[in-house]
Amino acid sequence: MLNTRYSGNAYEHFFLPHLSSDQVKDIPKEKALAVLHIGAVEQHGKHLPTFTDTLIGEGLLAKTFEKFTREDNIWLLPSIPYGKSTEHLYHSGTFSLSALTLQNILMDLGKSTANNGFRRLLILNTHGGNNDLLNMMARDIRVETGLMVFRLNPYSEKTKTLITEEEAEYGIHGGDVETSMVLDFKKNWVDMNLAAKDFFNFPENKTSLNLKGNRYFAWMAEDISKTGIAGDARKATMEKGKEINENISDFMAETFLEMADFEIDDLKK
Ligand SMILES: [Zn+2]
């Protein structure tokens, strides 16, 4: 039901399009932060919904905004539910934007943010495949509009203490972490009977090559996984998800406040 999705502090008090045009105009913009979340609709194995990344982002935002008051002046835009999911294109349930389409959407919304008088835009990302493009676009939006633009991937160092070392290093998709997070947000959207374990197999003499970092190789989901996931989803629990979501939303709240207070012009003094 719509009324449960758009409830809580985030939507009652901080959802920018909840306001009227005049109310948006009247926001003091000097220290305000506009938050634009982007997720993905893509395969996440047999046990998770394809909406996983967007669902996680919206869930984390709902928790994060519980920690704010109006004086914090942080404003939530509607999420972009689709992302760049080219690595999952050959799986059913994946609905991807091309790089060019996503660039245009981000630039248009960046320009709108600036036209509304905001000075700061945060692009909050909950899908790894968006990352490279978002970093590029954050700079391009800054160049084009003069906005201060931030890109944040929600993360907590504390998650590592709740999962195995192997999971922390290679559990990048639909594994213990994401499955636990979704169990906390929407338990009935997960089928734990179908949860699998699937870690990709690096040849021992080539361990310096990686899916991310300096020695990178381009990959598709089917290059690294038989099941579509990377990690051990069987280890996931709702309790763990609750703790992970709590820790990450603390990190997000802290970071949002820092961004709202950031002045890029102070850097060169
Ligand atoms: Zn995901």
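The following questions and answers go through a predicted model, starting at its zinc ion.

User: Which residues coordinate the zinc ion, and at what distances?

Analyst: The model is a predicted one. The donor atoms are NE2 of His44, OD of Asp53 and OE of Glu178. In sequence, these donor residues follow the spacing H-x8-D-x124-E. The residues asked for are His44, Asp53 and Glu178, at 1.9 to 2.1 Å.

User: How many residues apart are His44 and Glu178, and where does each lie?

Analyst: His44 belongs to the loop between β1 (33–38) and α4 (52–65). Glu178 belongs to helix α8, residues 176–185. The pair therefore links distant parts of the chain, with a separation of 134 residues.

User: Is His44 buried or exposed?

Analyst: A residue counts as buried when its relative accessible area is under 20%. Glu178, another zinc donor, has 14% and is buried. His44 has a relative accessibility of 0%, so His44 is buried.

User: Which element supplies the largest share of the largest nonpolar core?

Analyst: The largest nonpolar core has 34 residues, and Leu33, Val35, Phe65 and Phe256 have the most contacts inside it. Elements that each supply at least two of its residues include β1, α4, β3 (120–125) and α10 (238–261). In general, nonpolar side chains tend to be buried together in soluble globular proteins. The largest share, seven residues, comes from α10.

User: Which residues does Phe256 contact, leaving aside its neighbours within four places in sequence?

Analyst: Phe256 is one of the residues with the most contacts inside the largest core. Leu33, Val35 and Phe65 are also named for that, and each of them is in contact with Phe256. The full set is Leu33, Val35, Leu61, Thr64, Phe65, Phe68, Ile74, Leu122 and Leu152.

User: How many residues are in the second core?

Analyst: This core is separate from the largest one. Its members include Ala34, Met107, Phe118 and Leu121. The count is 25 residues.

User: At roughly what angle do the axes of α4 and α10 cross?

Analyst: The two axes come within 9 Å, and the crossing is right-handed. Residues of α4 in the contact include Leu60, Leu61 and Phe65, and those of α10 include Ile248, Met252 and Phe256. By class, the contact has seven nonpolar, three polar and two charged residues. The crossing angle is roughly 65°.

User: Is Gly128 buried or exposed?

Analyst: Gly128 lies in the loop between β3 and α6 (131–145). Its C-alpha is 9.3 Å from that of Asp53, although the two are 75 residues apart in sequence. The cut-off for exposed is over 50% relative accessible area. At 63%, Gly128 is therefore exposed.

User: What residues does Thr86 contact, leaving aside its neighbours within four places in sequence?

Analyst: Thr86 sits in the loop between β2 and α5 (99–115) and is partly exposed, with 29% relative accessibility. Its C-alpha is separated by 21 Å from that of Leu36, 50 residues apart along the chain. The contacts of Thr86 are Ser96 and Met220.

User: What residues does Asn9 contact, leaving aside its neighbours within four places in sequence?

Analyst: Asn9 lies in helix α2. With a relative accessible area of 17%, under the 20% cut-off, Asn9 is buried. Its contacts are Phe14, Phe65, Glu66 and Phe68.

Terms used. Residues numbered from 1 in each chain as written. Predicted model: local features only at pLDDT ≥ 70, side-chain atom pairs only at ≥ 80, totals over all residues. Heavy atoms only, no water. Donors = N, O, S within 2.8 Å, 3.2 Å for Na, K, Ca; no water. Helix = DSSP H or I, 4+ residues; strand = E, 2+ residues; numbered from the N terminus. Buried < 20%, exposed > 50% of the residue type's maximum accessible area, 1.4 Å probe, protein only. Core = buried A, V, L, I, M, F, W, Y, C linked by side-chain atoms within 4.5 Å. Contact = heavy atoms within 4.5 Å. Axes fitted to C-alpha atoms, helices over the stretch in contact; angles between N-to-C directions. Left-handed = near helix turned anticlockwise from the far one by under 90°. Nonpolar A, V, L, I, M, F, W, Y, C, P; charged D, E, K, R; others polar.
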